[in-house]
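Trainee: Before we look at the model, could you take me through the reasoning behind the words used to describe it?
Mentor: Gladly; let us set each term against its definition as we go.

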Amino acid sequence: MRNKRFRYLLAVLAAFALLAAACGDGTSETTVAPGDTTTTSAAPDTTVPPETTAPPETTAPPETTVPPSELGTVEVAAGEAIQIRSLQAITGDVSFLGIPNQRATELAILDYGQIQGHDVNMGQGLDDLCLNEGGQAAGQTIVADTQVVGVIGTSCSGAAVAAAPLISAAGMVMISPANTSPALTSDLQGNPGTDFNVGYYRTAHNDLFQGAAAAKFVFEELGLTTAAAIHDGDPYTNGLASAFRSAYEALGGTVSVFTAVNKGDTDMTPVLTEVAAGSPQLIFFPIFPPEGDFIVQQVGGVSGLEDVVLMAADGLLVSNFLALPESTGMYFSGPNTNFAAENASVTGVTPTDFLATYESTYGEAPSAPFWAHSYDATIMLLSAIDAVAVDNGDGSLTIDRQALRDELSATSGFAGLIGSLTCDEFGDCGSQEISVVLHEGDADATPTNVQFSAGREDLLPLITGG
């Protein structure tokens with residue numbers, strides 16, 4: 001009998017404990033700011049009781065007005081600026097590729113203006129060096145500052161391979177105006193690239209489109225059936241050379257030699273001799289300076305290549321390379337930069353307006369072709385921040401990192417200088433319009449003698465085999 005009474009008493013006490021846990025003080029629900037995932041700001045009396053005081057089903061987190069962010073939030077105090085960063089190649093041999101991109105971001109910030117009463121600050125421009133190591137070092141600097149919301153960069157795909165995982169893991173977003181390697185997004189057939197990271201987007205094209213456009217031009221327009229391709233091992237150069245080979249062979253062409261130079265090589269005679277052995281009618285070498293400079297300067301001295309047609313891509317479609325006398329007569333594939341005059345950003349700025357402002361501000365034209373992509377990437381980021389930032393009523397803002405990713409991922413029909421921008425599930429947002437231009441001797445980074453143009457609908461069947 002005593003055992004029965006004892007068990008009954010225990011049951012009553014347990015029931016009271018459950019009732020007390022269910023009716024506890026609920027003030028913690030009203031003190032959590034929407035999207036706030038931190039725990040250090042909670043008052044001691046809002047701490048969740050130890051799990052041993054109640055069964056598991058009673059330990060659900062308190063409800064909030066807005067579900068807690070999966071990635072955390074950025075709190076921008078009254079009077080403080082919203083922090084973004086620019087990560088481009090701004091020193092070294094390819095600085096002329098990254099400098100116009102950084103400048104375009106500066107101009108875009110000025111054109112967009114404040115976001116809900118807050119300035120936007122991109123800080124000091126960071127340098128990706130167009131190298132994996134540069135992307136990693138700059139990426140570590142960026143993620144160390146938890147106030148940074150997003151990044152415009154990188155210039156080079158190799159740098160993005162190292163920077164993007166760090167930025168993604170920190171819950172930030174990154175929009176590149178110039179990365180084109182398929183590895184960073186997808187194969188356009190529903191499969192993520194080997195270097196895909198959530199939170200990565202780009203306004204630049206996917207090089208599967210560029211490779212297909214270059215191949216169609218060479219095979220169908222020039223009527224050349226044998227080609228060689230040279231890369232330098234970089235994700236951009238290898239990816240584009242591979243895309244060209246795949247599309248060219250699908251059309252019926254033959255790639256007689258597919259080879260590589262090393263970054264830092266100055267004597268190109270060995271690789272050019274290897275190429276000559278395959279008797280190509282054309283050499284496609286989508287690489288960067290200065291290695292590209294040495295190829296074009298030395299190719300004429302290699303037996304069997306005196307009359308070979310030369311074709312490069314946007315990595316060499318820059319003012320320094322175009323100033324070389326040997327580059328005259330070359331073909332270049334790259335992003336279409338003959339933008340329609342009526343194209344206008346959400347800021348109301350047209351391509352003509354932008355170029356006029358750029359030249360008056362910096363005293364020169366952009367030295368590389370991704371200036372419009374950089375402007376659009378920045379405006380896209382600022383617009384998304386504006387859309388998700390929550391005014392807390394005291395002059396401060398809360399920016400939910402997951403909400404920002406969701407907003408960018410939902411981008412559709414966004415008005416840009418390059419045209420309408422729509423992001424797919426892997427972050428490809430660009431117009432995918434590719435042109436082939438003939439360099440006639442001027443030093444303009446965007447030669448206007450267009451020989452061939454193609455877009456998504458023209459090129460996708462060649463890429464997918466559909």
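Mentor: Two strands are said to pair if DSSP finds at least two bridges between them. Please keep in mind that this is a predicted model.

Trainee: What makes strand S12 and strand S17 a pair?
Mentor: Strand S12 (residues 331-335) and strand S17 (residues 434-438) are joined by 5 bridges and run antiparallel; since pairing asks for at least two bridges, these strands pair. One of the residues involved is Tyr331, whose bridge partner in S17 is Leu438.

Trainee: Which strands are the edge strands of the open sheet, and what makes them so?
Mentor: The sheet holds 7 strands in the order S9-S8-S10-S11-S12-S17-S18, with mixed pairing. Strand S9 (254-260) and strand S18 (450-454) are its edge strands, as each pairs on one side only.

Trainee: Which strands does helix H6 lie across?
Mentor: Helix H6 (residues 207-221) lies across strand S10 (282-284), strand S11 (309-312), S12, S17 and S18, and runs at about 125° to S18. Helix H7 (residues 235-251), for its part, lies across strand S8 (226-231), S9 and S10, running at about 170° to S9.

Trainee: Why does Leu397 count as buried?
Mentor: Buried means under 20% relative accessible area, and Leu397 has 1% relative accessibility, so Leu397 counts as buried. Leu397 is found in strand S14 (residues 397-400), and, leaving aside neighbours within four places in sequence, the residues in contact with Leu397 include Val74, Val76, Ile82, Ile115 and Val390.

Conventions:
Residues numbered from 1 in each chain as written. Predicted model: local features only at pLDDT ≥ 70, side-chain atom pairs only at ≥ 80, totals over all residues. Heavy atoms only, no water. Helix = DSSP H or I, 4+ residues; strand = E, 2+ residues; numbered from the N terminus. Buried < 20%, exposed > 50% of the residue type's maximum accessible area, 1.4 Å probe, protein only. Contact = heavy atoms within 4.5 Å. Axes fitted to C-alpha atoms, helices over the stretch in contact; angles between N-to-C directions.
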